[in-house]
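Please take a moment to look over the sequence and the model shown here, and then follow the walk through its parts below.

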Amino acid sequence: MDSSLLFNITTAAYFIAMVVFIAYLTSKNEQIGFGATVISWVGFVANTGAIGLRWREAYAMGFQQAPLSNLYESVVFFAWSILLIYLLFDLKYRYRAIGAFVLPFAFAGMIWAQWKLDATIAPLVPALQSNWLTYHVITCFIGYAAFAVACGVSIMYLVKVGKEEAASGNPVGGILGMFPSVKVLDDLNYKAIMIGFPMLTLGIITGAAWANYAWGTYWSWDPKETWSLIVWFIYAAFLHARFTRGWVGRRAAWLSIFGFAATIFCYLGVNLVLSGLHSYGGG
Amino acid sequence: MSKEPNFVDRLWDFFCSLKLAIITLILLAATSVIGTVIEQGTTPEEMAAKSGWSLDTLKFLDKSINAFDMYHSWWFLSLMGLFAVNLICCSIKRFPFVWKTVREPRLVADDGFFRSLSNVEEVVVAKGTIDGVRDQVATLLQGKFAAPVVTEQDDKVYLYAEKGAISRFGVYVTHASILIIFIGAMIGNVWGYKAYVNIVEGSAVDKVWPRGGKEPIPLGFSVRCDNFDVEFYDGTQRPKEFSSDLAVLQNGQEVLKKRIEVNDPLNFGGITFYQSSYGPAGDATFRFKVRLRSSGQTLDLSAREGEHVPLPGGASFAVTNSTENYDKFGPAVQMHVNTPDGRHGNPFVVLKNFPDFDAQRGDEYIFSLVGMEQRYYTGLQVAKDPGVWVVWLGCFLMVAGSLGAFFLSHRRLWVVIQPLSKGVGVKLGGSAHRNQPAFALYFDTLRKDLNDALAGK
Ligand code: HEM
């Protein structure tokens, strides 16, 4: 078995899990919901195995590097992190409906990586050969993944709170009846960001430590660094919004969605969009 | 005693407000975008040529908001300053309350206070004395939670126990850490520098050049490069690793030697030398063995790149190009032989790893490459930043503080034991300053334990 087969299994499992989660919402059948969770676990295990195998394959080719060295590897690791955070939330809080809003992020990442990205294993240039790279990427991506979960939960919040207000406070039925209550959704949003924020903080700090170690400056305002700081500012605003009247609920949910959009731009947009302007952004 | 808030009070409230913090954070995020779209450190002309944007607009942005060095502009620094002032004022305003909560906890909980708690349990012990129940409850709390403080007042006994009081300070540690990082950055800006220097193999330097090309900065010692090495990935020109052997000299004495690599710098006296680039210093020298096909005679000859070296019989040769790695065959040179009347022969390649290969060319002169010596210079970045440890301290406190703020909570328990007509009444109440659901679960088991203990189980 090689890693590419396992990556295909991962992609398929995330797709099926996503569809089954939607079937669960429409059918309200708990067994279908359980099935969707099991398929998510299968995908997660395959994803883990695939990353492990790819690590071994790189070593066999003589490259002593963790499988976090190019865009393809980072995207599949991002999908893995999203599942990690999602499954931890599922184990702890058991709100199954959330899967329908989180699995699409993981599936989108996997299908993009499998279809469009270059999966060749290539050696790292000297400037990137460092353990700091591994710490830096892992902390950042766990943070990003927690923000993805928060974003999914926030979308659910906005959908549900709108319908609930239209029904003037009466509990809403149908698919929305399967969602956790808006109070729980608001709390889960906060809980996810409570994990994501310290992780992003650690990601920025390990990035700075690495830059300082390798190049002698911990901060140089390059677009990637600056965008990670922008994301950090947005989530800091979110955390403080909770203590301020008039900023909870809807605005906090929008801030969380907005924060995730900025996260995605920080991760992909800086390289893909700004690279047209900056010579050093490509790749 | 209420009075109209005057201007100073209003200003103070403005600087203490959390709304200001949110707005400042969003403004910092929004304005920071500008500097990621406009390449910092370039000029409007360069940017216009690269992006095709209007030069007039870019010039306007440069003049009005200093868009080409915006992170050091007065307005961006002011925004940061406002942010810091906000943080300081807010902390000054709130800290005394937190300090009081922790240092002077409420030891005696009256009925009104119990009504404000969401976790309360009442038990009546039919047969028992106040002292006996007090000891039972105190033992229970000490075993399951924390040792209580006992207060006796008006024939009632009050117990108070707490855990995790320190987590109240997490937020303050996080906020202070931001200010510490700012201070570290300022120290680095005022007392540090960023510079670079190139050292040719075998030579030494005692000054470095700051970015922006002002006067060189004397180091106070000298640094010598003894050797430079570069290693390539098999069959490519991609450098795998490059390294320099450096020696530090003080008053002519060698005090430190170290081989530095891209991710492994040399540090001496608070100044750090980072391997950042390299290049050839002067022309390479090539050593050949040349065999004459007709006579079998061999000669040792050496040539610099581009130099014409005479051969027996009036001809000459010159090396025009060289590489460390020619298509997986290793080091190679491109060269040609000139006829005695000065006409250029066809260029050909000689491989160091295949000394007999050139004989197949069928020419009178058979070359084998014995050695290639290229002197290199090593390019070093030099940084001095006395503030960096302050920044790391701030980072550490930020992580520790936010973990404390998010994942620990201050849990408190109050107990009143009082005589009733039918025995002894025990009231237990508790609160947590965050993560209430988990505390409610904990309180539930504690309640059962209390009932069991008082029932003598
Ligand atoms: C980027 C900068 C900042 C960071 C990283 C930060 C971090 C935090 C964190 C992690 C918390 C705990 C949040 C929670 O418990 O959910 C918090 C709470 C708080 N922050 Fe900040 N903060 C920042 C800026 C500010 C500023 C400028 C102010 C100025 C007013 C401020 C005032 C507060 C207040 C009043 C609380 C609530 C404390 C409480 O009662 O629990 N913060 N901050």
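## From one residue pair to the chain contact

In this predicted model, a good place to begin is B:Ala195, which stands opposite B:Pro210 in strand 5 of chain B. Strand 5 (residues 204-210) runs antiparallel to strand 4 (residues 193-200) of chain B, and two bridges join these strands. Both belong to an open sheet of eight strands in chain B, whose order is 8-7-6-5-4-18-10-9, with antiparallel pairing. Strand 8 (253-261) and strand 9 (266-268) of chain B each have a single partner strand, so one side of each of these edge strands is left without a neighbour in the sheet. On average, neighbouring strands of this sheet are turned by 35 degrees against each other, direction ignored.

Seen more widely, chain B is divided into domain 1 (7-99), domain 2 (105-164 + 409-454), domain 3 (193-279 + 377-384) and domain 4 (285-372). The C-alpha centres of domain 1 and domain 3 of chain B lie 37 Å apart. Helix 5 (residues 55-65) of chain B is capped at its N-terminal end by B:Ser54, with a side-chain oxygen 3.3 Å from the backbone nitrogen of B:Asp56, and this helix is followed by B:Asn66, whose phi is positive, near 55 degrees.

Chain B also touches chain A, in a contact that takes 48 residues from chain B and 49 residues from chain A. Between them the two chains bury about 4,300 Å², 70% of it on carbon and sulfur atoms. In chain B, the residues that lose the most area to chain A are B:Thr36, B:Asn263 and B:Phe406, together 15% of what that side buries. Across this interface the rule finds zero salt bridges, while four residue pairs are counted in polar contact. Helix 10 of chain B gives the most to the side that touches chain A, with nine residues.

Technical notes
Residues numbered from 1 in each chain as written. Chains lettered and ligands numbered in written order. Predicted model: local features only at pLDDT ≥ 70, side-chain atom pairs only at ≥ 80, totals over all residues. Heavy atoms only, no water. Domains from an automatic or database assignment. Polar contact = N/O pair within 3.5 Å; in protein donor to acceptor, adjacent residues only side chain to side chain. Helix = DSSP H or I, 4+ residues; strand = E, 2+ residues; numbered from the N terminus. Pairing = 2+ DSSP bridges. Axes fitted to C-alpha atoms, helices over the stretch in contact; angles between N-to-C directions. Contact = heavy atoms within 4.5 Å. Buried area = accessible area lost by both parts, 1.4 Å probe. Salt bridge = Lys/Arg side-chain N within 4 Å of Asp/Glu carboxyl O.
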